Amino acid sequence: MKLSDFDFDLPEDLIATRPASPRSAARMLVAQPDVLSDAGVSDLVDWLRPGDRLVLNDTKVIPARLSGLRHRDTAQGRMAAKIEVTLLDPKSDGSWSALLKPLKKIKLGETVVFSEVLSAELVAVEDGQGHLRFNLSGDDFDAALNQSGAMPLPPYIAAKRAADAQDKQDYQTVWARNSGAVAAPTASLHFDRPLLEALAQKGIQFSHVTLHVGAGTFLPVKVEDVTSHKMHAEWGRVSAEAAAEIRATKAAGGRVIPVGTTALRLIESAARSGEVEPWEGDTDIFIYPGFRFYAADALMTNFHLPKSTLLMLISALMGQDRVREIYAHAVKEGYRFFSYGDASLLLPHGTNTPQK
């Protein structure tokens, strides 16, 4: 498989910079093996059946973009210089790996001041990343970060506009509870409370898992032979309760439908024995055509970047030729792409019609 096999032409004006409002007002393309149906996210309740289970990633995005100052004594007096920081992930020793700009200008042991209460010392540099040790931890750190930080919008949105206060709400799922992600599980952004209540009333069940989405999710594939691509690692957990719920749904004949590629990658990481088991750790699972799915029966997801690992994942689920048809239709019909864009519901097994 070549990288060029996963390319397509995407008009720039289809890249969404703000989400639909309300969340469930976004459009949704339902893709089955032989049928494409234009629908809306609010119609999801009609496309699912009682006994189906949605798997939801409950990670919480932290406001990981920080702007600070470092101070240094020079012959001209005490000087200040701006440092831009994007937090990546916490380390076992309590420090954070981060992207610092400009990294070459800051020295080990220097302190970057972000606010009157929040600062961090550069304690190490490795693989082009700095390791920062903050002066606060726990709830105090979370509160200070929420005050000083901005949401880490994806590069294709950040290139068009800066993050603002609205993004702190828009770029967070309504069920977020476990802090640690620096990117949102974006298919989940389409859900609001009325939709969740309607799904529950229909008999749709829910399981929560946690995968802390990292900035690596936006890294491009640079090798022409996609099978040689090395995935970034992200920490995740499937609890014993969630694993048991998923197994019970499959045993009863219900469909297990992850909401987002992050939830799918996580439950497939937990299912390599053939069924979903409790699991915790770093996963670098890379899903591309030829992959055997043990957990997911379908997928709800957004529309993805050309040549991305996410496009390869859905090609593994639906088939490469079918994904080309799906995306050609989405472009032709003006669906909005990427993190704040519209949704797709991918149903690879058989054909069904919505039931009111």
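Contact here means heavy atoms within 4.5 Å. Keep that in mind for the helix that lies across the barrel strands. And a reminder: this is a predicted model.

Let's start with the fold. There is a closed barrel of 6 strands. The order is S5-S6-S7-S10-S9-S8, and the pairing is antiparallel. On average, neighbouring strands of this sheet are turned by 45° against each other, direction ignored. In general, strands of a sheet pair through backbone hydrogen bonds, either parallel or antiparallel.

Take one pairing in detail. S5 and S8 run antiparallel and are joined by 2 bridges. S8 covers residues 111-113. Leu69 has Val113 in S8 as its bridge partner.

Now the helix. H2 lies across S5, S6, S7 and S10. Against S5, H2 runs at about 95°.

One residue on the barrel deserves a stop: Ser119. Ser119 sits in strand S9, residues 119-126. Is Ser119 buried or exposed? Ser119 counts as buried, because its relative accessibility is 17% and the cut-off for buried is under 20%. What does Ser119 touch, beyond its neighbours within four places in sequence? The contacts are Thr111, Val112, Val113, Phe114, Arg133, Phe134 and Asn135. Val113 is also the bridge partner of Leu69.

Next, empty space. Rolling a probe the size of a water molecule over the atoms shows where such space is left.

The largest pocket comes in at about 1300 Å³. Its lining has 46 residues, and the closest to the centre are Leu88, Asp89, Ser97, Val182 and Ala215. Which elements give two or more residues to that lining? From the barrel we have S5 (65-74), S6 (77-90), S7 (96-101) and S10 (129-134). Then come helix H2 (138-148), strand S11 (178-181) and strand S13 (234-238). S6 gives the most, with 6 residues. So H2 shows up twice in this talk: across the strands, and in the pocket lining. By class, this lining has 21 nonpolar, 14 polar and 11 charged residues.

On to the second largest pocket. The volume is about 460 Å³. The lining counts 31 residues. Nearest the centre are Tyr156, Thr217, Phe218, His304 and Leu310. Helix H7 (261-269), strand S16 (299-302) and helix H8 (309-318) each supply at least two lining residues. H7 has the largest share, 3 residues. The class split is 16 nonpolar, 12 polar and 3 charged.

Last topic: closed cavities. How many are there of 30 Å³ or more? The structure holds 2.

The largest cavity has a volume of about 70 Å³. Pro19, Ala20, Arg23, Ala26, Leu189, His190, Ser339, Tyr340 and Gly341 line it. In classes, that is 5 nonpolar, 3 polar and 1 charged.

The second largest cavity is about 30 Å³. Its lining is Met231, Arg265, Ile285, Phe286, Ile287, Thr309, Leu310 and Leu313. H8 gives the most here, with 3 residues. By class there are 6 nonpolar, 1 polar and 1 charged. Notice Leu310: it lines this cavity, and it is also one of the residues nearest the centre of the second largest pocket.

To recap. A closed barrel of 6 strands, with H2 across S5, S6, S7 and S10. A largest pocket of about 1300 Å³, and a second of about 460 Å³. Then 2 cavities of 30 Å³ or more. That's my part.

Terms used:
Residues numbered from 1 in each chain as written. Predicted model: local features only at pLDDT ≥ 70, side-chain atom pairs only at ≥ 80, totals over all residues. Heavy atoms only, no water. 1 Å grid on protein atoms, 1.4 Å probe; cavity = no way out; pocket = protein on both sides within 12 Å on 5 of 7 lines; lining within 4 Å. Points joined across faces, edges and corners; volume = space filled by probe spheres on them. Helix = DSSP H or I, 4+ residues; strand = E, 2+ residues; numbered from the N terminus. Nonpolar A, V, L, I, M, F, W, Y, C, P; charged D, E, K, R; others polar. Pairing = 2+ DSSP bridges. Axes fitted to C-alpha atoms, helices over the stretch in contact; angles between N-to-C directions. Buried < 20%, exposed > 50% of the residue type's maximum accessible area, 1.4 Å probe, protein only.
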